[in-house]
Amino acid sequence: MMSKEEKDEKSVEKEATPEKPKFKVSGGRLIIEHKKIAEKMKNIKHKIVIMSGKGGVGKTTVAVNLAFAFAWKGYQVGILDADIHGPDVPKMLGVEGQHPMGGPMGIFPVIGPLNIKVMSMELLLKDPKTPIIWRGPLKMKVIEQFLSDVIWTALDFLICDLPPGTGDEPLSIMQLIPELDGIIIVTTPQDVALLDVKKAITMAKQLNVRVLGVIENMAGFICPHCGKKTYIFGVGGGEEAAKEMNVPFLGRLPLDMRIREVSDQGKPFIVEHPDSEAAKSFMQIVEKIEEELGIKI
Ligand SMILES: Nc1ncnc2c1ncn2[C@@H]1O[C@H](COP(=O)(O)OP(=O)(O)OP(=O)(O)O)[C@@H](O)[C@H]1O
Ligand SMILES: [Mg+2]
């Protein structure tokens, strides 16, 4: 006859099938152990999530341009668009309207500029104009499928773009991605945005996820006519918030009309305008991230 312990062990074994994830505390972090996800992500060296407290502060722009900057340096990069309602990554990478190939082993990401691998809800929709009207549990299921079914193969970096705020998507992503390196928080410098930055940092801390740093976007606008710099949203707020919350500050990016223009065209900004202040800032931010992660190519 089986002892109680043996029975318990058997039932735990049964629970740990690829389809049936279980909760586990790892490195002080509550994660959802999911064998299929672990298998699909085992060849990804670094996983970084881009988050913000507020909408429209430039998360997707930063996610895409960091992907470009890492790829430009020679890293193998993938980008996962976990914004289910507003998937903007494919447009900014110029792969909008393409469809991923699927097979029995899973689904292959679409290949964008600089060989960046891309997966997004937008690529799976027949008509990208169709709005996704889903509640939390359904969105969580899709994120779980993105993580467990996409065949990324070997990557140096997987960058994950999120919708704004501290809702279902960031929670799922932070709990499901195994060995997550950390999150980067994007903010604009004004007070109303900074309040929300602190919430995002607090969420990460509560989930025991490392905050790799804060990026201040739209800090200063250089007039293309007279060359004078105007701080439309102020400056320095992101750095102060980072200091106050005791997390690294990764750098600031200016408002530059060309960022919006090339993003709309799906082209890599740093390649199109390598000598601009913004492109140099992106490259410096990448170096800071390398420093934080202790890596160098
Ligand atoms: N530094 C910048 N200079 C000029 N335009 C910028 C800059 N950063 C972002 N933008 C533009 O601002 C708009 C909003 O940026 P983006 O979509 O990246 O924000 P987001 O935080 O991802 O928004 P959402 O919360 O809706 O996902 C875009 O049109 C983008 O091109
Ligand atoms: Mg976005």
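Which residue follows H10, and what is the sign of its phi? Gly266 does, and its phi is positive, near 70 degrees. (Helices, H or I with at least four residues, and strands, E with at least two, are DSSP runs numbered from the N terminus.)

Before you start: this is a predicted model, where local features need pLDDT of at least 70, side-chain atom pairs count only at pLDDT 80 or more, and totals for chains, interfaces and linings use all residues. Residues are numbered from 1 along each chain as its sequence is written, while chains are lettered from A and ligands numbered from 1 in the order in which they are written.

**Exercise 1. Get an overview of the protein chain.**

Step 1. Start with the secondary structure: you should find 12 helices and 14 strands.

Step 2. Now look at burial. A residue is buried if 20 or more other C-beta atoms lie within 10 Å of its own, exposed if 12 or fewer, and partly exposed in between, with C-beta atoms placed from the backbone. Of the chain's 297 residues, 46% count as buried.

Step 3. Next come contacts, meaning pairs whose C-beta atoms, placed from the backbone, lie within 7 Å. Take the contacts between residues at least 6 apart in sequence: 75% of them join residues at least 24 apart.

**Exercise 2. Find the two sides of helix H10.**

Step 1. H10 spans residues 257-265, and its buried residues are Ile259, Val262 and Ser263.

Step 2. Look down the axis of H10: the buried residues fall within an arc of 105 degrees, so they line one face of the helix. (The arc is that of the directions from the helix axis to the C-beta atoms.)

Step 3. Turn to the face away from the buried side, and there are the exposed residues Met257, Asp264 and Gln265.

Step 4. What sits over the buried residues? The cover includes H3, helix H4 (89-92), helix H11 (269-272) and H12.

**Exercise 3. Work out how H3 and H12 pack.**

Step 1. Helix H3 (residues 59-73) meets helix H12 (residues 277-293) at an angle of about 75 degrees, and their axes are 10 Å apart. Axes are lines fitted to C-alpha atoms, for helices over the stretch in contact, and angles run from 0 to 180 degrees between N-to-C directions.

Step 2. That angle makes H3 roughly perpendicular to H12. (Under 35 degrees counts as roughly parallel, over 145 as roughly antiparallel, 65 to 115 as roughly perpendicular, and the rest as oblique.)

Step 3. Pick out the residues in contact: Asn65, Leu66, Ala69, Phe70 and Lys73 from H3, with Phe282, Met283 and Val286 from H12.

Step 4. Sort them by class, and you get 6 nonpolar, 1 polar and 1 charged. (Ala, Val, Leu, Ile, Met, Phe, Trp, Tyr, Cys and Pro count as nonpolar, Asp, Glu, Lys and Arg as charged, and the others, Gly among them, as polar.)

**Exercise 4. Describe the shell around ligand 1.**

Step 1. There are 21 residues around ligand 1, and Gly55, Gly58, Lys59, Thr60 and Thr61 come nearest. Here a residue is near if its C-beta atom, placed from the backbone, lies within 6 Å.

Step 2. Which elements give two or more residues to this shell? They are H3 and H10.

Step 3. The class count for the shell is 7 nonpolar, 9 polar and 5 charged residues.

**Exercise 5. Do for H9 what you did for H10.**

Step 1. In helix H9 (residues 237-244), Gly237, Gly238, Ala241 and Ala242 are buried.

Step 2. They cover an arc of only 135 degrees around the axis, which puts them on the same side of H9.

Step 3. Over on the other side, Lys243 and Glu244 are exposed.

Step 4. The buried residues are covered by elements including E10, helix H8 (191-206), strand E11 (211-216) and strand E14 (249-252).

Step 5. Just after H9 comes Asn246, with a positive phi near 60 degrees.

**Exercise 6. Check two loop residues with a positive phi.**

Step 1. Most residues other than glycine have a negative phi.

Step 2. Leu114 has a positive phi, near 55 degrees, and sits in the loop between strand E7 (110-111) and strand E8 (117-120). Because 19 other C-beta atoms lie within 10 Å, Leu114 is partly exposed.

Step 3. Glu179 also has a positive phi, about 50 degrees, and belongs to the loop between H7 and strand E10 (182-187). With 15 other C-beta atoms within 10 Å, Glu179 is partly exposed.

Conventions
Contact = placed C-beta atoms within 7 Å.
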